[in-house]
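Here is a friendly walk through one model, with an eye on its side-chain contacts. Have the structure open beside you and follow along.

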Amino acid sequence: MYFYLALLVSAAVCWAGFRLVELLKLRGFARAHGCEPARRMPQSERIVGLGLFLDDVAAAREHRTLQTAQRRFRELGNTFSGVCMGQHFLTTVDSDNVRALLSTRMEDFNSGKKSLFGPFIGDSMLTSDGAVWRHSRALVRPHLARDRVADLGKLEGHMQNFFSRLPLDGTTVDLHHLFAQLTFDNTMGLLLNENVCSLLSRPGSRLAQVVEAFESVGGFVNKRAALGPLLRIYRDTEFEAKCKVLHDFVDEIVRKAYNNRGSRQFGSEEKDRGFLASILDDTVDLVKIRFEILGLLLAGRDTAADLMGNLFFVLARRPDVWEKLKKEVDDVLQGRKPTYDSLRELTYHRYAIEEALRLYPPAPVLFRAANRNTVLPRGGGADGRSPVVVPRGTIVSCSTFALHRRHDVYGIDADEFRPERWEAMEKLRTRPRWEFLPFSAGPRVCMGQTYAMAEMAYIVARMAQEFDAIQSRTGAPWLEKWSITLSSAAGTRVGLVPRQK
Ligand code: HEM
């Protein structure tokens, strides 16, 4: 008995000694870099941070997590720290800090996503770091290069399926759900050369279940995010079951390609062969391939679908913007289908999409985990201008939702949807750089940015060619649904008035 007690006490003393040495090292490191403490969130207790956790749960229930964070920045300044469920965090909308986080000091941070996504995407590009991550990027790059993504012919095929699902008699339809199917089918074609038509699938069919599983994993990942360090001991069988639906679906496609890999059916040019064929040249680790594919599907599907859902939520309330979009599409395309090059002439379309990306960034919070003690350039001291120390293990986040609504950057009408602001900012050469980050920035910048912008402009242009008016079918204001990406909690319920042809 005494032996065990002595063992316990020695372990506690060792741990305390180790922590003390760490703390002293950190102090020396902070002094050497001229750091001052960051502003702290007012918290009654900063060991577990239970109060903040409960506040955040209440905000999430009311669909106001992002608005709550935005309010905190307005009250506390651009950078502050806190503790939530034992996890220390530093959060910032200071562009100097964001640049250091995503670019100049990027090596000091990990993606911080591996445990969050857990069994869903394992070691994919989104969750890995260092050499493994660089290798994944190199494999994907040729398949999202301009010459590969410029062919929008397949997208038109999926658009036709999409149109076939839209009621033309004014019946209410939730566009968001259909956008998710459209972008799923399109991303499958782009990355895997698979002709998948979830838009035409029957309810309850395997494909419908796959899309449903994709839609539900976001909620589980969010739940995991709230658990902090407790995540290490947490298991969720329902989440695992959804992951299995997705794994089985992708595994089948991978296995088929693996069995056919000698038959040269993919063509010989790298860009024509598809991502799946070229990754099979690189590795025969089929589980690794599964995770890479799921990571890409996640990155490419939900983001674009959510942005379209949010944009059309606004357009249904803004007939003035819809009229301008119709006029531009008629003037420029004169009834022709858009091409990659003609889309570039649709400048007002780009402004409207950028305005939606600003107000409703599909990835509303960018975050990283410090893999060593490091420093961010601002946020310390009473005036927030001194550097701040970031201890190893701290989660550093940037709410792009709040960053994109900063009054000092976008003006006092920052919360309003006004596409014209982009025209004005371009004329005045004041287009923001590190204050507009819907696709992130730095070496980990979104790989699908060029394609996503073309895909979204294509969808808006085709809708403007087909529909005279989009009518909102809910008077309720926009409320967030933030799972992995950001969508409208009430969906995008609209009525459509077709154009007279
Ligand atoms: C509106 C559409 C999109 C938005 C707003 C968006 C946004 C983002 C953001 C913010 C990140 C960085 C996440 C982070 O740093 O934590 C990212 C990463 C990524 N995105 Fe996108 N994305 C979009 C569409 C796409 C599409 C269509 C694809 C491909 C088909 C794609 C592929 C990727 C990949 C591969 C990464 C991982 C980059 C890395 O970790 O190195 N994205 N995206």
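The charged end of Arg290 is placed over the ring of Phe291, 5.2 Å from the ring's centre. Keep in mind that you are looking at a predicted model. A second contact of this kind involves Arg433, which lies over the face of Trp434 at 4.8 Å from the ring centre.

**Salt bridges**

Side chains of opposite charge can pair when their charged atoms come close. How many salt bridges does a search of the whole structure find? It finds 40. Three of these pairs are set out below, with the separation of their closest N and O atoms.

| Salt bridge | Closest N and O atoms |
|---|---|
| Asp56 with Arg72 | 3.0 Å |
| Arg105 with Asp108 | 3.3 Å |
| Glu292 with Lys288 | 2.9 Å |

Take the pair of Asp56 and Arg72, joined by a salt bridge. Asp56 belongs to helix H2 (residues 50–61) and Arg72 to helix H3 (residues 65–76), so this pair ties together parts that are 16 residues apart in sequence. Asp56 is partly exposed at 25% relative accessibility, while Arg72, at 14%, counts as buried.

In the pair of Arg105 and Asp108, Arg105 counts as partly exposed, with 31% relative accessibility. Asp108 has 8% relative accessibility and therefore counts as buried, the cut-off for buried being under 20%.

Glu292 and Lys288 share helix H13 (residues 286–315), where they sit four residues apart, about one turn of the helix. Is Glu292 buried or exposed? With a relative accessibility of 3%, Glu292 counts as buried. Its partner Lys288 is partly exposed, at a relative accessible area of 21%.

Salt bridges also link residues into a network, made up of Glu355, Arg358, Asp413, Arg418 and Arg421.

**Aromatic rings**

A pair of aromatic rings is described by the distance of the centres and the angle of the planes. The structure holds 14 aromatic pairs. One of them joins Phe184 and Phe249 in a tilted arrangement, with 6.1 Å from centre to centre and 35° between the planes. Which parts of the chain does this pair tie together? Phe184 is in helix H9 (residues 175–192) and Phe249 is in helix H11 (residues 237–259), so the contact ties together parts that are 65 residues apart in sequence. Phe184 is buried, with a relative accessible area of 0%, and Phe249 also counts as buried, at 9% relative accessibility.

Elsewhere, ring pairs link Phe162, Phe163, Phe179, Phe312, Trp322 and Phe467 into a cluster.

**The iron atom**

Which residue is the only protein donor of the ligand's iron atom? That role belongs to Cys446, through its SG atom at 2.3 Å. You will find Cys446 in the loop between helix H19 (420–427) and helix H20 (449–466).

**On the surface**

Tyr2, Leu5, Leu8, Val9 and Val13 make a nonpolar surface patch of about 580 Å². Leu5 from this patch is placed in helix H1 (residues 2–32) and is partly exposed, with a relative accessible area of 45%.

Finally, have a look at Pro477, in the loop between strand E9 (467–472) and strand E10 (480–482). Pro477 counts as exposed, at 63% relative accessibility. Measuring from C-alpha to C-alpha in the model, Pro477 and Ala490 are 9.2 Å apart in space, and they are 13 residues apart in sequence.

Technical notes:
Residues are numbered from 1 along each chain as its sequence is written. This is a predicted model: local features need pLDDT of at least 70, side-chain atom pairs count only at pLDDT 80 or more; totals for chains, interfaces and linings use all residues. Side-chain values use heavy atoms; hydrogens and water are left out. Patches are made of residues with over 30% relative accessible area and no salt bridge: like charges are joined within 9 Å, nonpolar side chains (Val, Leu, Ile, Met, Phe, Trp, Tyr) within 5 Å. Accessible areas come from the Shrake-Rupley method with a 1.4 Å probe; for residues, only the protein chains shown count as cover. A salt bridge is a side-chain nitrogen of Lys or Arg within 4 Å of a carboxyl oxygen of Asp or Glu. Helices (H or I, at least four residues) and strands (E, at least two) are DSSP runs, numbered from the N terminus. Buried means under 20% relative accessible area, exposed over 50%, partly exposed in between (1.4 Å probe, protein chains only). Donors are N, O and S atoms within 2.8 Å of the metal (3.2 Å for Na, K and Ca); water is not among the atoms, so sites may look incomplete. Rings of Phe, Tyr and Trp (its six-membered ring) pair if their centres lie within 6.5 Å; planes under 30 degrees apart count as stacked, over 60 as edge-to-face and the rest as tilted. A charge sits over a ring if NZ of Lys or CZ of Arg is within 6 Å of the ring centre and within 35 degrees of the ring normal.
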